[in-house]
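This report asks how the strands and the nonpolar residues of one protein model are arranged. Please keep the sequence and the structure in view while reading.

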Amino acid sequence: MSGSNGNTDPVILATAGYDHTIRFWQAHRYQHIRMYDLNSNNPNPVINYEGISKNITGVGFQEEGKWMYTGGEDNNVRIWDLRSRNQQCQRLFQVNAPINCVCLHPNQGELFIGDQSGSIHIWDLKTNNNEQLIPEPDASIQSISIDPMGTMMAAVNNKCCCYIWTLTGGRGTDPTQLHPKTKFEAHGRYALKCLFSPDSTLLATTSADHTAKIWRTADRTLMTELRDNTQRWVWDCAFRATHKTS
């Protein structure tokens, strides 16, 4: 069925009645967040969180496991209290564009949110205040990473660039302050992911140019480029907890 906006939507059911109307019914599609118990042999989810209408693009946990956060293409970041039997989100933060990534500061009190309009939002969970910065207008923020010490933040966008800030504050009631440090072209095509190493000495970036690169954070020089001729877009990366291998 084609609507007035030109979009084609699948019709699940059509009905007609004595009220002189014909109605077309469409099934709602919702995304699911499923929680599994890794300490059991149960292959099924123990909790289902539902009701989110668009893709979920980010998920993470508070370090003590008290709550979980999610972000998605419905422009919302949600906080879910894992200690509550109520499976509805307890807090909601809305922005004006689909969300690509959400990163929790090591202080466990601030969320950094990157959206497709090019904005980075800083949501202070203690005060509920928020701030916004735009490194480059109309350049979608693809990924945000904060180093484990909480002293640096990196972000990459779909125009190949990587931005790095130094961070101050963020302790007690003081909000985190961002100080621009550098900007450089990390890849030849869309940058997709950035991640600091556990010891904060390295930064990994991945891209649609089929590569992952490792940068030294001390001077932002390239340490190594990882490439596989059979590799397509490199969407993600990870460091081992005790080594500098990604």
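The sections below describe a sheet and then two nonpolar cores in this predicted model.

## An open antiparallel sheet

An open sheet is built from 4 strands, which follow the order 5-6-7-8 and pair in an antiparallel manner. Its edges are occupied by strand 5 (56–61) and strand 8 (91–94); each has a single partner strand, so one side of each lacks a neighbour in the sheet. On average, and with direction ignored, neighbouring strands of this sheet are turned by 15° against each other.

The pairing at one edge can be followed in detail. Strand 7 (residues 76–81) and strand 8 run antiparallel and are joined by 4 bridges. Here Asn76 has Gln94 of strand 8 opposite to it.

## The largest nonpolar core

The largest nonpolar core contains 15 residues, of which Phe112, Ile120, Ile144, Ile146, Met153, Trp165 and Leu178 touch the most other members. Two or more residues each are supplied by strand 9 (99–104), strand 11 (120–124), strand 13 (141–146), strand 14 (152–157) and strand 15 (161–169). Strand 15 makes the greatest contribution, with 4 residues.

Met153 offers a view of the surroundings of one core member. Apart from its neighbours within four places in sequence, Met153 is in contact with residues including Phe112, Ile120, Ile144, Ile146, Trp165 and Leu178. Among its other contacts are Ser145, Tyr163 and Phe196.

## A second core

A separate, second core comprises 13 residues. Among them are Tyr69, Ile79, Leu111 and Trp123.

Technical notes: Residues numbered from 1 in each chain as written. Predicted model: local features only at pLDDT ≥ 70, side-chain atom pairs only at ≥ 80, totals over all residues. Heavy atoms only, no water. Pairing = 2+ DSSP bridges. Axes fitted to C-alpha atoms, helices over the stretch in contact; angles between N-to-C directions. Core = buried A, V, L, I, M, F, W, Y, C linked by side-chain atoms within 4.5 Å. Buried < 20%, exposed > 50% of the residue type's maximum accessible area, 1.4 Å probe, protein only. Contact = heavy atoms within 4.5 Å.
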